[in-house]
Amino acid sequence: LGGSDGEDSVSVAPQTPPPGAEGLSSFYAQQLQWSDCEGAQCATLEVPVDYAAPQGDTLEVAVIKVPARRDSRRIGSLVVNPGGPGGSGVDYARAADFIVGKGVRDAYDIVGFDPRGVGRSAPIDCLTDAELDTFLGSDPTPDDPAEEQKFAATAQGLGQGCESTAGPLLAHVSTQDAARDMDILRAALGEEQLTYLGKSYGTYLGAVYADLFPAQVGRMVLDGVVAPDLTPEEVNLGQAKGFERATREWAAHCV
């Protein structure tokens with residue numbers, strides 16, 4: 001993949017979209033233009049804002065590749081996602097030596113991407129710093145009607161801020177959109193199937209991808225699985241209980 005100067009493109013066989021996505025041929029046929037970026041290689045992936053109207057506006061998804069350490073053992077590309085939602089896959093992949101073992105580092109290019117609306121991929125910044133401080137400092141467990149009303153108003157302010165800054169993109173930052181972007185990335189990497197490591201929310205992203213593109217699923221590790229059939233309330237409650245239990249066990253261990 002690429003040459004030694006870090007400024008060339010990846011030469012891969014033209015990729016065709018999966019059945020039912022023939023209107024996306026130009027996106028699936030693109031080649032990533034890699035350039036050196038602080039010891040790794042970076043590129044941008046062009047994807048449609050609205051997959052129902054691929055001839056419309058597009059956006060650029062930031063991609064990073066940390067090449068396999070041993071060319072003689074290289075198998076392919078491992079796409080990684082740290083979770084969130086909202087975690088930067090670019091920053092995560094930069095820590096390749098710490099997130100996968102030696103054998104995997106030797107054999108795979110570790111590839112990360114910032115999902116649309118996140119980090120370097122058309123980021124959506126909903127609040128000013130002061131507004132964000134207020135939002136994060138609000139009481140997440142209201143105890144009476146007055147507190148509930150205040151919490152609802154704070155949440156509504158976040159939504160209004162996102163709507164005013166993101167515009168039409170806001171309707172297209174779903175997990176399904178990110179999964180579709182990931183399949184175009186798979187093709188641009190020259191891979192027939194996706195090899196993927198997802199953690200926390202990244203497990204949900206991987207599950208949605210597998211549901212949308214079952215024939216393109218290769219080796220997939222989902223660590224800390226978020227069940228896709230849970231409601232947001234069940235996810236929040238489960239995470240709260242997990243964090244509480246982990247904090248108490250940590251404190252007990254310290255004692």
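How much space lies in the second largest pocket? About 330 Å³ in this predicted model.

**View 1. The second largest pocket and its lining.** Lining this pocket are 13 residues, and P85, Y201, V226, V235 and N236 are the closest to its centre. Two helices, α8 and α9 (232-254), each supply at least two lining residues. The top contributor is α9, with four residues. By class, the lining holds nine nonpolar, four polar and no charged residues.

**View 2. The largest pocket and its lining.** The space here is about 410 Å³. The lining counts 16 residues; P85, G86, R116, V118 and V173 sit closest to the centre. At least two lining residues come from each of α7 (175-188) and α8 (201-212). The class split is 11 nonpolar, four polar and one charged.

**View 3. The largest nonpolar core.** This core has 33 residues. Those with the most contacts inside it are L32, L45, V79, F113, M182, L185 and L205. Two or more residues come from each of α1 (25-28), β2 (40-48), β3 (58-66), β5 (108-113), α7, β6 (194-199) and α8. Helix α7 gives the most, with seven residues.

**View 4. The surroundings of F113.** Neighbours within four places in sequence are left aside here. F113 is in contact with V61, A62, V63, V79, G89 and V90. Its contacts also include A178, M182, L185 and L205.

**View 5. Another nonpolar core.** Apart from the largest core lies another, of 18 residues. Among them are C42, L78, V80 and A107.

Note on methods:
Residues numbered from 1 in each chain as written. Predicted model: local features only at pLDDT ≥ 70, side-chain atom pairs only at ≥ 80, totals over all residues. Heavy atoms only, no water. 1 Å grid on protein atoms, 1.4 Å probe; cavity = no way out; pocket = protein on both sides within 12 Å on 5 of 7 lines; lining within 4 Å. Points joined across faces, edges and corners; volume = space filled by probe spheres on them. Nonpolar A, V, L, I, M, F, W, Y, C, P; charged D, E, K, R; others polar. Core = buried A, V, L, I, M, F, W, Y, C linked by side-chain atoms within 4.5 Å. Buried < 20%, exposed > 50% of the residue type's maximum accessible area, 1.4 Å probe, protein only. Contact = heavy atoms within 4.5 Å.
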